[in-house]
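Welcome! Please take a moment with the sequence and the model, and then let us walk through them together.

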Amino acid sequence: MTDLARASRFYTELLGLKQIRGGRAAHGGRWVLLADPRTRQRLELNWYPESSPFATTYAPGDGLDHLGFHVTDPAATFRRLVARGARAALTPDDLNGVKGIYYVLDPDGNWVELF
């Protein structure tokens, strides 16, 4: 994550995850552990300072293709997220789209699937 607070807001305010805890790592990085209140699935977000051995150049898709979230109404959820500032990535109507599946981008450009 390039901005941990911004990413945390995206996943909590827009996708409804709840922050369980967070902290600092010995190498100077910070982390936040989030959980889905319904499924209890967890997502850890990490930020590393430039001096950290874990601070590498990252491009979305490097080792992580996307995160998927099962939602009641993917189309309505997609519209709500885009209305609240999420960037659209792919819809079923796009050339490479898949019926019933929508994608938005998180603040760092990671794809978030809504199915």
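How do the residues of the lining of the largest pocket divide into nonpolar, polar and charged? They come to twelve nonpolar, four polar and four charged, where Ala, Val, Leu, Ile, Met, Phe, Trp, Tyr, Cys and Pro count as nonpolar, Asp, Glu, Lys and Arg as charged, and the others, Gly among them, as polar.

Before we go on, a word on the source. This is a predicted model, in which local features need pLDDT of at least 70, side-chain atom pairs count only at pLDDT 80 or more, and totals for chains, interfaces and linings use all residues. Residues are numbered from 1 along each chain as its sequence is written, and side-chain values use heavy atoms, with hydrogens and water left out.

Let us begin with helix H1, residues 4–14 (helices, H or I of at least four residues, and strands, E of at least two, are DSSP runs numbered from the N terminus). At its start, a side-chain oxygen of Asp-3 comes within 3.2 Å of the backbone nitrogen of Ala-5. Along H1, Leu-4, Ala-7, Ser-8, Phe-10, Tyr-11 and Leu-14 are buried (under 20% relative accessible area, with a 1.4 Å probe and protein chains only). Just after H1, Gly-16 has a positive phi of about 85°.

H1 also leads us inside. The largest nonpolar core (buried Ala, Val, Leu, Ile, Met, Phe, Trp, Tyr and Cys residues joined through side-chain atoms within 4.5 Å) has 21 residues, and Phe-10, Tyr-11, Leu-15, Phe-69, Val-104, Val-112 and Leu-114 have the most contacts inside it. Two or more residues each come from H1, strand E2 (30–35), strand E3 (42–47), helix H2 (74–83), strand E6 (102–105) and strand E7 (111–114). H1 gives the most, with five residues. Look next at Val-104: not counting residues up to four places away in sequence, its contacts (heavy atoms within 4.5 Å) include Phe-10, Phe-78, Trp-111 and Leu-114.

Helix H2 holds Ala-75, which counts as buried because its relative accessible area is 17%. The C-alpha atoms of Ala-75 and Leu-64 are 24 Å apart, with the two residues eleven places from each other along the chain.

Finally, back to the largest pocket (an open set of points on a 1 Å grid over the protein atoms alone, where a 1.4 Å probe fits, with protein on both sides within 12 Å along at least five of seven lines; lining residues have an atom within 4 Å of a point). Of its 20 lining residues, Met-1, Thr-2, Asn-46, Tyr-48 and Tyr-58 are the closest to its centre. E3 gives the most to this lining, with five residues.

Technical notes: Buried < 20%, exposed > 50% of the residue type's maximum accessible area, 1.4 Å probe, protein only. Polar contact = N/O pair within 3.5 Å; in protein donor to acceptor, adjacent residues only side chain to side chain.
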